[in-house]
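Biologist: I am new to reading structures, and I would like to understand the words people use for them. Please show me this one, and I will ask about each label as we go.

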Amino acid sequence: MRSLITLCVLVMSSHAYAIDTFSAIPTSAQKMVTTVFNQLNIQDASDQQKMALYKDAQVFLDDEWSGYLVSPSNLTLFKAKKNPVTIIEVVLNTQSHGIIFLDYTYFPSHKHIYVAKKEVRYGDSKSAVAIYQKGKKDTQHMVLLNEGWNRANLKKKGTLDYTTLNIDAPHGAVVYNSYSIIEL
């Protein structure tokens, strides 16, 4: 019986380790994360650093998605090719989360990547109104920043997570914004 328990613990712990390694995440996510590091000119990023970036956007990257990456250096008029700050944007068109904008700004002097995530959802105005009403009522977790003219902005307390609503019956749009820092 002890050997069976030991075997189960070993299998479970090795499985938990595998989930937390870069090579265990979906190939499409691996490619996206590696491309982000390459575009940010971060050489020799560790698997731990890559996993931090993956986990920050995991909810979107584990979904069915297609997308593209752009940076100012793609623009012919961009003069600051050797800028001390590097900026790129990844746009994902997902199955379950709508359109996602992942903006990465790398500050080499501080070894930080500033991440701005925007999830754009669109649909009928009734759904947007329901999200607004739910957020407005949840005074324990949310703060109503402003409202008027069929527009509203909510903020999740203690975070840099925002909900922006735009209602123009019969349509409605909701943008979820969140911001974070990945330390390298």
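Modeller: Let us begin with Y179, keeping in mind that this is a predicted model. The relative accessibility of Y179 is 25%.

Biologist: Why does Y179 count as partly exposed?

Modeller: Buried means under 20% and exposed means over 50%. Y179 has 25%, so this tyrosine falls in between and counts as partly exposed.

Biologist: What makes Y162 and Y179 an aromatic pair, and why is the pair called edge-to-face?

Modeller: Ring centres have to lie within 6.5 Å to pair, and planes over 60 degrees apart count as edge-to-face. For Y162 and Y179 the values are 6.3 Å centre to centre and 70 degrees between the planes, so both conditions are met. This pair links distant parts of the chain, with Y162 in strand β7 (residues 161–168) and Y179 in strand β8, 17 residues apart. Y162 also has a relative accessible area of 25% and is partly exposed.

Biologist: How many aromatic pairs does the structure hold?

Modeller: There are two. One of them joins Y114 and Y179, with 6.2 Å between the centres and 15 degrees between the planes.

Biologist: Why is the pair of Y114 and Y179 called stacked?

Modeller: Planes under 30 degrees apart count as stacked, and this pair has 15 degrees, so the name fits. Y114 sits in strand β4 (residues 112–124) and Y179 in strand β8 (residues 171–183), so the pair ties together parts 65 residues apart in sequence. Y114 is partly exposed, at 33% relative accessibility. Y114, Y162 and Y179 together form one aromatic cluster.

Biologist: Now the strands. What makes β5 and β6 a pair?

Modeller: Two strands pair if there are at least two bridges between them. Six bridges join β5 (residues 142–148) to β6 (residues 151–156), so the requirement is met, and the two strands run antiparallel. Within this arrangement, E147 stands opposite A152 in β6. The two strands form a hairpin with two residues between them.

Biologist: What is special about phi in W149?

Modeller: Its phi is near 55 degrees, a positive value in a residue other than glycine. N150 is another such case, with phi near 60 degrees. W149 lies in the loop between β5 and β6, and so does N150.

Biologist: Why are W149 and N150 called exposed?

Modeller: The word needs a value over 50%. W149 has 80% relative accessible area, so W149 is exposed. N150 has 53%, so N150 is exposed as well.

Biologist: And at the other end of the scale, why does K155 count as buried?

Modeller: Buried means under 20%, and K155 has a relative accessible area of 19%, so K155 is buried. K155 is found in strand β6. Leaving out residues up to four places away in sequence, K155 touches H141, M142, V143, L145, D161 and Y162.

Biologist: Why is H97 called buried?

Modeller: H97 has 17% relative accessibility, which is under 20%, so H97 counts as buried. H97 lies in the loop between β2 (86–94) and β3 (99–107). Its contacts, not counting residues up to four places away in sequence, include V59, F60 and E119.

Biologist: Which residues are closest to the centre of the largest pocket?

Modeller: About 370 Å³ of space lies in that pocket. Of its 17 lining residues, the closest to the centre are M142, D161, Y162, T163 and Y176. The elements giving two or more residues to the lining are β4, α5 (125–137), β6, β7 and β8. By type, the lining divides into six nonpolar, four polar and seven charged residues.

Biologist: Where is P170, and which kind of peptide bond leads to P170 from A169?

Modeller: P170 is in the loop between β7 and β8. The peptide bond from A169 to P170 is cis, with omega near 10 degrees.

Biologist: Last, how many helices and strands are there in the protein?

Modeller: Five helices and eight strands. Along the sequence they follow the pattern α-α-α-α-β-β-β-β-α-β-β-β-β. The protein has 184 residues, of which 30% count as buried.

Terms used: Residues numbered from 1 in each chain as written. Predicted model: local features only at pLDDT ≥ 70, side-chain atom pairs only at ≥ 80, totals over all residues. Heavy atoms only, no water. Phe/Tyr/Trp six-rings, centres within 6.5 Å; stacked < 30°, edge-to-face > 60°. Helix = DSSP H or I, 4+ residues; strand = E, 2+ residues; numbered from the N terminus. Buried < 20%, exposed > 50% of the residue type's maximum accessible area, 1.4 Å probe, protein only. 1 Å grid on protein atoms, 1.4 Å probe; cavity = no way out; pocket = protein on both sides within 12 Å on 5 of 7 lines; lining within 4 Å. Points joined across faces, edges and corners; volume = space filled by probe spheres on them. Nonpolar A, V, L, I, M, F, W, Y, C, P; charged D, E, K, R; others polar. Contact = heavy atoms within 4.5 Å.
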